[in-house]
Amino acid sequence: MQTSLENDKIAELKKYISDISGKTDKPESYLIAVLHRAQNLFGYLNREVMDEIAVIMNIPASHIWGVATFYHYFKLKPQGRHSISICLGTACYVKGAGNILEAVKKELGIGLGETTEDGLFSLHEARCLGACGLAPVVMIDDKIYGELTTQKITEIISGYRKSNRKSKEG
Amino acid sequence: MEKKTIAIYINDKPYRVEPEQTIMQAADKLGFHIPRLCYHPKLSIEGACRVCIVQVEGVKNYVASCAYPVSDGMKIHTNTQEIRRARRDIVELILDNHPEDCHTCERDGNCELQRLAYSMGIRKRHFEGEKKNYDKDLSSPAVVRDPDKCILCGRCVRICSEIQKVNALRQAYRGFKTVVMPAYNMPFTESVCTTCGQCINVCPTASFVEKNYTQELFEKLSDKSLIKVAQVAPSVRAAIGEAFGIPPGTAKEKETAAALKRMGFDYVFDTQFSADLTIMEEASEFLERLQGKGKLPMITSCSSAWMKCMEQFYPDLIDNISTCKSPMSMMGSLLKTYFPEKIKTAPGKIFSVAVMCCTAKKYEAQRPELKINGLNGVDIVVTTREAAWMIKSAGIDFLNIKGEEFDHPLGLSSGAGAIFGTTGGVMEAAIRTAYELYTGETLLDIEVNDLRGLKGIKEGKLVMDGKEVRVAVAHGLGNACDLLDIVRKEPDKYHFIEIMGCPGGCVGGGGQPYADANSIPLDEDCLRLRAKALYDLDRSRTIRRSHENPDIQRVYKEFLGRPLSEISHKILHTHYSKKEPKGIIPRGLVRAR
Amino acid sequence: MGKNKKKKEFVITLCDGTACIHNGSKEIKSGIEKQLEKHGISESVRIILSGCLGMCDKGPVLIVNPGYTIYGRVTEKDIPEIIESHIIGGKAVSRLVIDEDHLYNRFFRVFGDVGFFGRQMRITLRNCGIIDPENIDDYISLRGYEAIAKVLSDMKPGEVIEEVKHSGLRGRGGAGFPTGLKWEFTAGQKSDEKYVICNADEGDPGAFMDRSAIEGDPHTVIEGMIIGGYAVGSSKGIIYIRAEYPLAIKRLEKAIKDSRRNGFLGENIFGSDFSFDIEIRLGAGAFVCGEETALIHSIEGSRGMPRPRPPYPSVNGLFGKPTLINNVETWANIPVIILDGADWFRKVGTEKSKGTKVFALAGKVKNTGLVEVPMGTTLREIIFDIGGGIENGKKFKAVQTGGPSGGCLPEKYLDTPIDYESLAKAGSIMGSGGMIVIDEDSCMVGIAKFFLEFTQNESCGKCTPCREGTKRMLEILTRITEGKGEEGDVEKLERLGNLIKKASLCGLGQSAPNPVLSTILNFREEYEEHIKDKKCRAGECRSLIGYEINSKCVGCGACKRVCPVGAISGTPKNPHFIDKAKCVKCGQCYEVCKFGAIDKK
Amino acid sequence: MVKPLDIIRKKRAEAINRIVGKGYLSTKRVYVGMATCEIAAGSKKVMEVFKEAVNKGLTDVYLSQKGCAGRCNLEPTVEVIEEGKIPVKYGKINEERAREIIEKHLKGGKTIEEWIIK
């Protein structure tokens, strides 16, 4: 079953690329858009997907690798179920984002760019989420939590843990 | 007509220069050598190292002279105390993130960074801190990558993408963590790297070097139970002198043979001999194909980097490739068959060494399909650089050595064998023989000037008995790819194509001596002079056509029978297969950054 | 009652431009003050002076807020009537009201929020917060797409460029290059294809003007780009936007679609022979892509590494074609300049910096938010009048402008009028508009380190000074904050900083040392304290602080319970003690103590 | 050829008509801030409350969204513009407060002073 799903995704990616190629004489310039799409489909950019893109788009794999590693947005490893982004923008920094980061690291037992062993959380830094008025803020998946204290964020994380346990049991 | 000029001032002195050039170009012509590192005249402008900065009045920041155009009235300062200090600090910053192992580094004494640091007068260090720390990639039989020594000038990336168009290398990650690597940081040997070694040629440090076999070879040379046999590629003799301070352009043929014998080789043979042999087989194969037996255009197969490139990127053209082994491997085959028979010994006793201008030959020597009765035709390949080092290390006075002839029965070569080492040479040699085999008449005007020189793709026409034969020649994998893209579109355009993987052909191989302090790697003048040394050798020979070589005639008489005979096919020909290393892709777009 | 009184609060903004002073605005001010005193309502009316409001021909001008009633050609004699009728009676004096039909006016008519908005002048953000950004009708109803219609009806491309040049508009992305000149260069290139790019890769940590502008009023940017395309002869526009802004992207996509459907984008716009379309390209998390050439490489599908200039993008840009790149805020000014005219626009601002600038005001300030003020407004006005001053009664220490490329300015620069030149003179930059207020609780070495960490992390790695130099600077700063600073470290920072500034390839490197150099310039003593005395006066550098229990301790034991390493000892109701050897300086005791009995030293 | 300026004038008239058609001329207009920052502060839920009220029969109210006006620390913001009155802008509105605004202000005609941004 797993494989057929993957094949579906590959097919979708192929279609995305061929749609682009139909619209432009410079399809290779859409590499970043294609990588966005691929990450969207597969959760991260693995080597097989990048190889596939290389062949379809006729772009050297080394180039794709160079691009994928250049941009922080692209993830090269499987990600946890929830992505926690600690905003380290200036406003958050002066309001103590550093302490929030330390607390989260301690709580999860992982560093930036890492994923917890249970596969539940991945930890990232963000440079300004544009919610400076609520500083310090943390984004979990696409929800923003603002005006945090170390205690609040720990509670929020345990909340996620709990609801996950529940959904598992349920 | 007088050329338009503009006025510029360098260090307060007025000069008139042509417009539309960079400050560096103008300064070079006026005798101001601005220090530089990432710049290479054949590659796109990177502007990354910032070593070539100068001050321009009215411009707030320093400008990179390699990239900044001159303009009328521009006042440039190349050597103020301020700019000297800035440059020195920049080079210091590079050193701060570079291993301090000059004494044990392969490029000690031959390193651009070392020379630069010396010329900057760096005597103290101020900013030491964390250094990069990565593993060396020793996976490839030919090229070693050591990211710790990389200073990120990007020359390797540019030559690999712009000149060779292989795109094996790219900068990955960013900032302080930037590393030059193949896709997915996979081992070199699994990547699309063709092992051409041009990255080594242009690397200013020892971040890229060939896999060094010199110690292993010294071991074997002292093994009394083996019969040690060397073969020497044509372009080795055209360049080895440079490693000893002799200016480019002088062939050191007999000196090389003499030095290798003194080093401990029992026999020193000539790859030019097997080049002649290659011509016999290849010309015959071509004529067969011309008569309808096999695909046209036929494409030469001497260049190992090109073979890997073709198998990866042009597998659709496999049937167009000549089945002939390269001269090195033909020699290897004879060394494990004909030669032991001749001296009445077991093939396994023969230790076969090839001295090559080429790093890719190290890769070729390991190809399993080239084995002869289970033995490698060539056991070790050393480059011109390694050979020169061994000669020095063994205490042999190369500059004053008395030359010696190559040994028989595999040492005699024609002029045609000599020019194998330069672009167009294989085609020229093949024409000399093919014409005679086809028409039965001797080709008198044997110097084919259309196929000589450093133009990327050269074309020629030959009429044999009223039949027009269209030939083409490309050197450097990038040009080769361009030519083959034409072939893909117009399969009937040419009959015969010669391809050499390196710029200038083998004379520009990845194993040739490093540029000295006053020149740049792959300098075109240097390539031309090396080629000239080979053309001079050709002219100096009384025998200039492969089929006239008496040793060749003898080997056919005694062993092979005739070209394309059964035994020829068995030991001198090979086959190719589509290669798909992991992460490989059809050759794609080429971009500099 | 107190509340009611508050409700009647008014702000009278008095134009204090040269022309209005000439026409007697000083006298009017004292006149108002007298009248207010007479009626005993001085408390509920604030008078503020503003820079030129751009209505010099109708001066002296005063504006009464809320309601944004503009009175023109006011004389001293009119004052009593205005106070009695409007302020007390709630009825405007209609004979003096001038109906300036400037685009930005509507914003203030809607807002009753006088303290915050009274000092502002909303040109770029004129529609932000008052229209539904997802409804093109809202935009059209406020003269949206009239500017491009006007251009296509009456103006030749050259005339458009002249107008933009004449307006004095300068690039709002940071460097302040004259926008009109950029247009002229691009227009002057002969090419079969040209590109117009909107740089929306807002990456400054602490800046969100572009996000807000696009989310609040996407059509303005689109209209600006269409006008730009017409002026320089391009038919293809690209908006390069951060992938981190999904809502902005969504709104842009919708806006482009709606605009196309209305015939404002696409073939033969408004039935003319001018065609122009826009597509969106996403960034992928690289700050350096805000640099023009890096941005171009990114759109081309490559690593976002800058290249040396010249050639400039106006000559050799995207796909090697002439390319016009402006940032979001710059584009948003264009329709205003076209409709209200360059003559009007150039009246706003200072001599060399025209118009307004948007700032993202954040940090330790009461009112955080987005403010748009005329150039020439002082930092003090922004931070204290609009921003309401420092939070929690703390002391102002510095204001950081220009994000990671800018500098930290101490109190003595508070009266610096904001324009490109004055900020540069003070040692900072305008930048794209981040403005972070720093109070006494923040360590300036720590702030410098924070910004350098950012640029070091965002360096593309191409050129040596930026790649290697910022790393070394960061190492030095780190050891200073850890109490391992050495004599001579500040000098090393200066030496490296100046080198990186002058020798780097692109703007990122050239400005990366600014936060460090400006803090050394203005707060050198803090650096010295860290290095020599091993002290951090803000108490932020953990390695340099220690906790002690003072005589206020009542022995409640809260600190003892919370200490994770058992460094606190003591018996109930007796003063406790911290064992410094065991203390890991986590600060939890400090946070938990209700009696102020723990000192951070 | 019809001049572009004439086209846009016509389009503007149409646009205004459409807005009016949606109820713009109601005596009360309610705008909920819906930018990233506002949404982060919880404005989506606030919007839901107002939508629900309108769906459930709250009349004479024109409900719309808008971008960020810049009052970051007071978000989510809700603005009520009432005919003949000075517009008010409420700060830090949550679902509960939204319901109260509906009851007291929109239905009861009384502004809630302590939430108004001054």
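Let me begin with chain D, which exposes about 5500 Å² of surface, with carbon and sulfur atoms supplying 52% of it. Before going further I should say that this is a predicted model, and I will come back to the matter of confidence when I reach chain C.

Staying with chain D for a moment, you will find four helices and four strands in it, and if you read along the sequence they follow the pattern α-β-α-α-β-β-β-α. Its C-alpha atoms fill a box of roughly 55 × 30 × 25 Å along the principal axes, and of the 118 residues in chain D, 55% are buried. Among the contacts in chain D that join residues at least 6 apart in sequence, 62% are between residues at least 24 apart. As for charge, chain D carries 24 positive and 16 negative charges, and the mean positions of these two groups are 5 Å apart.

How do the chains meet? Five pairs of chains are in contact, and among these pairs it is chains C and D that share the most contacts. Chains B and D, on the other hand, are joined by no contact, and their closest C-alpha atoms lie 30 Å apart.

That brings me to chain C, the partner of chain D in the pair with the most contacts. Chain C contains 25 helices and 17 strands, and its radius of gyration is 27 Å, close to the 25 Å that the globule rule gives for 601 residues, so chain C is as compact as a globular protein of that length. The box filled by its C-alpha atoms, again along the principal axes, is roughly 85 × 70 × 40 Å. Of the 601 residues in chain C, 66% count as buried, and when we take the contacts with a separation of 6 or more, residues 24 or more positions apart account for 69% of them. The exposed surface of chain C is about 20600 Å², and carbon and sulfur atoms supply 50% of that. There are 83 positive and 79 negative side chains in chain C, and the centres of the two sets lie 5 Å apart.

Now to confidence, as promised. Chain C has a mean pLDDT of 89, with 92% of its residues reaching 70 or more. Where in chain C is confidence lowest, and where is it highest? The lowest is in helix H1, residues 2–7 of chain C, with a mean of 38, whereas the highest is in helix H12, residues 218–232 of chain C, at 98. Over residues 1–7 of chain C the pLDDT is below 50, and this stretch has five contacts in the model beyond near neighbours in sequence. Where pLDDT is low, the predicted coordinates should not be read in detail.

Let me turn to chain A, which has seven helices and four strands, running from the N terminus as α-α-α-α-β-α-α-β-β-β-α. Its C-alpha atoms fill a box of roughly 50 × 40 × 25 Å along the principal axes, and 52% of its 170 residues count as buried. The accessible surface of chain A comes to about 7800 Å², with 50% of that belonging to carbon and sulfur atoms. Chain A has 21 positive and 20 negative side chains, and the centres of these two sets lie 5 Å apart.

Finally, I would like to look at two places in chain B. The first is helix H4, residues 155–163 of chain B, where seven of the nine residues are buried, so this helix is largely enclosed by the rest of the structure. Which residues of H4(B) are the buried ones? They are Arg155(B), Cys156(B), Val157(B), Arg158(B), Ile159(B), Cys160(B) and Ser161(B). These buried residues pack against several elements of chain B, including helix H3 (112–120), strand E7 (170–172) and helix H5 (198–202). Just after H4(B), Lys165(B) takes a positive phi of about 55°.

The second place is Asp276(B), which is found in helix H9, residues 271–290 of chain B. Is Asp276(B) buried or exposed? Asp276(B) is buried, with a relative accessible area of 0%. Leaving aside neighbours within four places in sequence, the residues in contact with Asp276(B) include Leu412(B), Ser413(B), Gly417(B), Asn549(B) and Ile552(B). Glu441(B) lies 165 residues from Asp276(B) along the chain, and the C-alpha atoms of these two residues are separated by 19 Å.

Methods:
Residues numbered from 1 in each chain as written. Chains lettered and ligands numbered in written order. Predicted model: local features only at pLDDT ≥ 70, side-chain atom pairs only at ≥ 80, totals over all residues. Heavy atoms only, no water. Buried < 20%, exposed > 50% of the residue type's maximum accessible area, 1.4 Å probe, protein only. Helix = DSSP H or I, 4+ residues; strand = E, 2+ residues; numbered from the N terminus. Contact = heavy atoms within 4.5 Å. Rg over C-alpha atoms; globule rule 2.2 N^0.38 Å. Areas by Shrake-Rupley, 256 points an atom, 1.4 Å probe, with all protein chains shown as cover. Lys, Arg positive; Asp, Glu negative; His and termini not counted. Charge placed at Lys NZ, Arg CZ, Asp CG, Glu CD. pLDDT = per-residue confidence, 0-100.
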